[in-house]
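Please open the model in your viewer and keep the selection panel at hand. The stops below take you through it one selection at a time.

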Amino acid sequence: MSVIVFLDNKDGAFVKSSLEAVNYAANIASVKGVDCIAVSCGKLSNEVLESIGNYGASKVVSNNTENADNSQIASLVSNLVESNSASIVVFSHDFSGKAVAPRVAAKLNAAIVSGVVELPNFDGGFTVKKSVFSGKAFADYKVNSEKAVLSLLPNSLDVITTDNKAEVIADSSDLGTAKMVIKEFKKKGGEGKIDLNEAELVVSAGRGLKGPENWGMVEELASVLGAATACSRPVADIGWRPHHEHVGQTGVAISPNLYIAIGISGAIQHLAGVNRSKVIVVINKDSEAPFFKAADYGIVGDAFEVVPKLVAAAKALN
Amino acid sequence: MKILVCISKAPDTTSKILFTDENTKFNETGVQFIVNPYDEWYALVRGLELKEQMGGTVTVIAVGGAENDPIIRKALAIGADDAIRIDAEALDAFAVAQEISNYVSDKSYDLILCGKETISYNGAQVPGLIAEFMDIAFASQAIKLEINGTIATIECDVQGGTEVLEANLPIVLSVAKGMAEQRIPNMRGIMAARTKKLEVMPGSGATNNCEVVGYSLPAAKSGCKYIDPDNAEELISLLRNEAKAI
């Protein structure tokens with residue numbers, strides 16, 4: 001019996017959302033009184049692998065196949081589940097989790113609950129809370145099968161670390177033939193740009209900025225704060241900003257610590273993508289903008305006057 | 001090219017999300033159901049574009065009762081050739097994916113396109129489950145798709161960027177924004193959709209592994225603290241010292 005958790009890596013290190021997933025899996029393991037075993041695919045240094053103990057895994061099974069596809073990773077994870085008679089498998093509900101977790105659930109005939117936001121409740125059964133309706137509500141799912149695959153919504157829980165090191169177990173099992181070949185990786189944005197999906201701080205702007213030529217101050221505020229930039233749907237649709245910056249119900253859903261919305265009225269579809277942000281700041285010259293109802297801090301004023309003041313104040317703080 | 005597009009109904013994006021029966025059921029009163037936007041805007045439209053380029057057919061499939069027929073007709077109006085509804089209760093993603101895979105297993109589709117998730121349950125599960133049940137390739141969160149002979153070249157959103165992948169057909173894709181542009185059905189399409197074939201098939205008895213037992217709404221915000229635009233700088237110190245967000 002163990003709880004198994006899959007870890008994704010990039011550029012020789014584990015990704016942040018995976019570390020959250022390990023912490024979550026370790027918490028479930030401790031409630032259940034069992035081990036938390038992490039599983040990783042790709043070449044990583046022993047030091048990086050051991051460090052996963054900091055997040056609560058007692059062992060890490062490392063297969064050094066490079067560029068494995070989602071069917072191969074699913075084989076690796078489900079074999080480990082079977083060999084450890086595990087009943088719970090954890091992923092992050094990030095890009096890699098969305099690609100691999102459903103395959104693992106199909107292989108194991110397991111319930112799959114994705115986007116979970118809390119530890120499961122084992123009182124008289126097995127229920128777990130997940131985000132639904134694009135962040136507008138939560139649903140409690142009851143697991144009826146013997147095995148369950150849970151994927152944790154990124155940035156849902158605080159991560160607690162220790163100095164523990166994980167025991168590294170090399171795995172050389174055959175992962176079968178890849179069904180897809182990776183031809184190329186294209187890095188998003190320029191060097192030093194912060195990825196929106198991982199960002200703790202986000203500065204976002206909408207039609208209130210009047211034109212793409214006015215984004216300089218938005219980017220400057222983001223850069224001074226160390227934030228990622230985002231935008232509303234209309235702005236992406238008319239081509240002022242790239243599609244991957246569009247946050248909202250039909251774009252990217254994010255949950256940063258701070259979301260600053262400039263010149264965005266706050267349509268229900270936009271709110272759905274950002275309402276899990278911990279602190280929301282709204283800057284809009286229309287005091288009736290619906291976004292103010294969802295805001296923690298608001299400034300009713302002209303973005304072209306307010307934002308330069310914020311840039312100056314943030315610079316002074318640094 | 002035989003293309004299958006999986007569609008699901010979802011509450012309109014402006015719907016009020018409320019619950020009934022002691023918070024155990026979604027309150028559908030006054031809710032307008034639409035084709036899940038990722039399924040319609042991106043998966044279906046890209047399927048139609050490929051058919052227009054290369055010839056072939058686009059079939060849409062949905063799992064559920066007759067309440068799905070209006071959204072199926074909408075997909076036909078946009079341009080799908082025919083439709084299948086598997087008349088089984090959509091209990092969970094696992095059951096839906098099993099019903100679809102059982103139905104398509106002997107139909108030799110080249111391409112199975114799904115939206116990346118529904119805007120109601122945000123699962124992102126059905127396409128990956130179908131791929132594994134059928135033991136074929138799965139491109140998750142795809143934003144570009146080109147077909148050359150029997151080879152699909154796909155660009156997918158991944159951590160920190162995008163990945164270009166190559167796979168032999170058949171393949172399942174979960175499709176995200178960027179893949180295509182929304183199409184509005186015209187009157188001719190709407191008229192034609194009325195007579196296109198919508199085949200209703202019995203379910204294969206797939207069972208669910210989980211179920212929703214209750215819903216809740218997020219805690220309301222305690223209220224907005226307004227800062228005078230003339231003293232906008234104050235916001236930065238509040239974010240640092242009060243909210244501890246920067």
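What follows is a short tour of a predicted model, going from the contact between two chains to a sheet and a helix that packs on it.

Begin by colouring chain A and chain B separately and selecting the residues where they meet: 78 residues of chain A are in contact with 63 residues of chain B. On the chain A side, pick out helix 4, residues 95–108, which gives the most to this surface, with 9 residues. If you then colour the chain A side by residue class, you should find 39 nonpolar, 19 polar and 20 charged residues.

Next, select strand 17 (residues 297–300) of chain A together with strand 15 (residues 225–226) of chain B, which run parallel and are joined by 2 bridges. Within this pairing, A:Tyr297 stands opposite B:Lys225.

Now turn to the open sheet of 10 strands, whose pairing is mixed and whose order reads 12(A)-11(B)-10(B)-9(B)-12(B)-8(B)-1(B)-6(B)-7(B)-13(B). Its edges are strand 12 (180–187) of chain A and strand 13 (198–202) of chain B, each of which pairs on one side only, and from one strand to the next the twist averages 30°.

Inside this sheet, display strand 9 (residues 137–148) and strand 10 (residues 151–158) of chain B, an antiparallel pair joined by 6 bridges, where B:Lys144 has B:Glu155 in strand 10 as its bridge partner.

Finally, add helix 1 (residues 37–54) of chain B, which packs on the sheet and touches strands 1, 6, 8, 9 and 12 of chain B, its direction making about 155° with that of strand 8 of chain B.

How values were computed: Residues numbered from 1 in each chain as written. Chains lettered and ligands numbered in written order. Predicted model: local features only at pLDDT ≥ 70, side-chain atom pairs only at ≥ 80, totals over all residues. Contact = placed C-beta atoms within 7 Å. Helix = DSSP H or I, 4+ residues; strand = E, 2+ residues; numbered from the N terminus. Nonpolar A, V, L, I, M, F, W, Y, C, P; charged D, E, K, R; others polar. Pairing = 2+ DSSP bridges. Axes fitted to C-alpha atoms, helices over the stretch in contact; angles between N-to-C directions.
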